[in-house]
Amino acid sequence: MTPKKKVLLVEDHAVTRVGVKHVVNSSADFEVVGEAEHSSQIVTLLNETRPDFVLLDLRIPGENVLNMVKDWKKEHPSLKVVTLTMLDEQPIVHSAIEAGVDGYLLKSDDLSSLTKNLNEIASGKTVYSKNLKLSFNRKPQDGKVANKKEKQILTLLGHGKTYQEIGTEIGLSKRTVEYHVGRLKDRFNAKTVAELIGRAKEQMLI
């Protein structure tokens, strides 16, 4: 008998966890071997349980989990990371793809299709929620998606760095950093740096 594939469930809502766990454990192919409610628990559980899949809620308390995906995959090369989230905004979807997720599923999907999707991902496919398809092929809004340099600046702003400190860290002048922040404020319709950081966090950019 083929052993079940192991799933680490990252979800902070207990009711959702119970429902997803029931669906996964009721299948012939998968079992939940660990549960995380906070981003700080994930690395320890990855090392302890050695799962085949991480089933990931993006709004987990703690650090932005999309910033962690590449490190998880570097340490565990065969690991599949699959989102199970309510967030269907295009900038977030694209950030997840850029981070290297193997599937983007929504909590609004029929849960009965979850293990079928996991089996497709296990076979090497990348699976997206059918509820994303109508908007997925549209070009992301230019005013909302930040490039790599802008993401660096947003992240450092979020850490409380000054323009001078940011410039020193990423090799730009203070004036150039100010220019980029000004453009970002315009594009995100933010009047202050605090508003800019808040909107970047909403889109899981930092």
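Student: Let's start with helix 2 (residues 42-49): which strands does helix 2 lie across, and at about what angle does helix 2 run to strand 1?

Tutor: Happy to help, and keep in mind that this is a predicted model. Helix 2 lies across strand 1, strand 2 and strand 3. Its direction relative to strand 1 is about 165°.

Student: What is the strand order of the open sheet, and how do its strands pair?

Tutor: The sheet is open and has six strands. Its pairing is parallel, and the order is 2-1-3-4-5-6.

Student: Which strands stand at the edges of that sheet?

Tutor: Look for strands with a single partner strand. One side of each such strand is left without a neighbour in the sheet, so these are the edges: strand 2 and strand 6 (127-128).

Student: How many bridges link strand 1 (residues 5-10) to strand 2 (residues 30-36), and which residue of strand 2 is the bridge partner of Val10?

Tutor: Strand 1 and strand 2 run parallel and share six bridges. Along this pairing, Leu8 has Gly34 as its bridge partner. For Val10, the partner in strand 2 is Ala36.

Student: Is the β-α-β crossover from strand 1 to strand 2 left-handed or right-handed?

Tutor: Follow the chain out of strand 1: the path goes through helix 1 (residues 14-25) and arrives at strand 2. This β-α-β crossover is right-handed.

Student: Which residue of strand 3 stands opposite Leu9?

Tutor: Strand 1 also runs parallel to strand 3 (residues 53-56), with four bridges joining them. Opposite Leu9 in strand 3 stands Leu55.

Student: And at the other end of the order, what is the bridge partner of Tyr104 in strand 6?

Tutor: Strand 5 (residues 103-106) pairs with strand 6 in the parallel sense, over two bridges. In strand 6, Tyr104 has as its bridge partner Tyr128.

Student: Now the helices: why is helix 7 (residues 148-158) described as roughly perpendicular to helix 10 (residues 193-202), and what is the handedness of their crossing?

Tutor: The two axes come within 10 Å and cross at roughly 115°. Helix 7 therefore counts as roughly perpendicular to helix 10, since that class covers 65 to 115 degrees. The crossing of helix 7 and helix 10 is left-handed.

Student: How many nonpolar, polar and charged residues make the contact of helix 7 with helix 10?

Tutor: Helix 7 brings Leu154, Leu157 and Gly158, while helix 10 brings Val193, Leu196, Ile197 and Ala200. By class, that gives six nonpolar, one polar and no charged residues.

Student: How many charged residues are in the contact of helix 8 (residues 163-170) with helix 9 (residues 174-187)?

Tutor: These helices pack at about 110°, with axes 8 Å apart, which means that helix 8 is roughly perpendicular to helix 9. Tyr163, Gln164, Ile166 and Gly167 of helix 8 meet Lys174, Val177, Glu178, Val181 and Lys185 of helix 9. Four of the contact residues are nonpolar and two polar, and the charged ones number three.

How values were computed: Residues are numbered from 1 along each chain as its sequence is written. This is a predicted model: local features need pLDDT of at least 70, side-chain atom pairs count only at pLDDT 80 or more; totals for chains, interfaces and linings use all residues. Side-chain values use heavy atoms; hydrogens and water are left out. Axes are lines fitted to C-alpha atoms, for helices over the stretch in contact, and angles run from 0 to 180 degrees between N-to-C directions. Angles under 35 degrees count as roughly parallel, over 145 as roughly antiparallel, 65 to 115 as roughly perpendicular and the rest as oblique. A crossing is left-handed if the near helix is turned anticlockwise from the far one by less than a right angle, and right-handed if clockwise. Contact means heavy atoms within 4.5 Å. Ala, Val, Leu, Ile, Met, Phe, Trp, Tyr, Cys and Pro count as nonpolar, Asp, Glu, Lys and Arg as charged, and the others, Gly among them, as polar. Two strands pair if DSSP finds at least two bridges between them. A crossover is right-handed if, with the strands pointing away from the viewer, the path from the first strand over the helix to the second runs clockwise.
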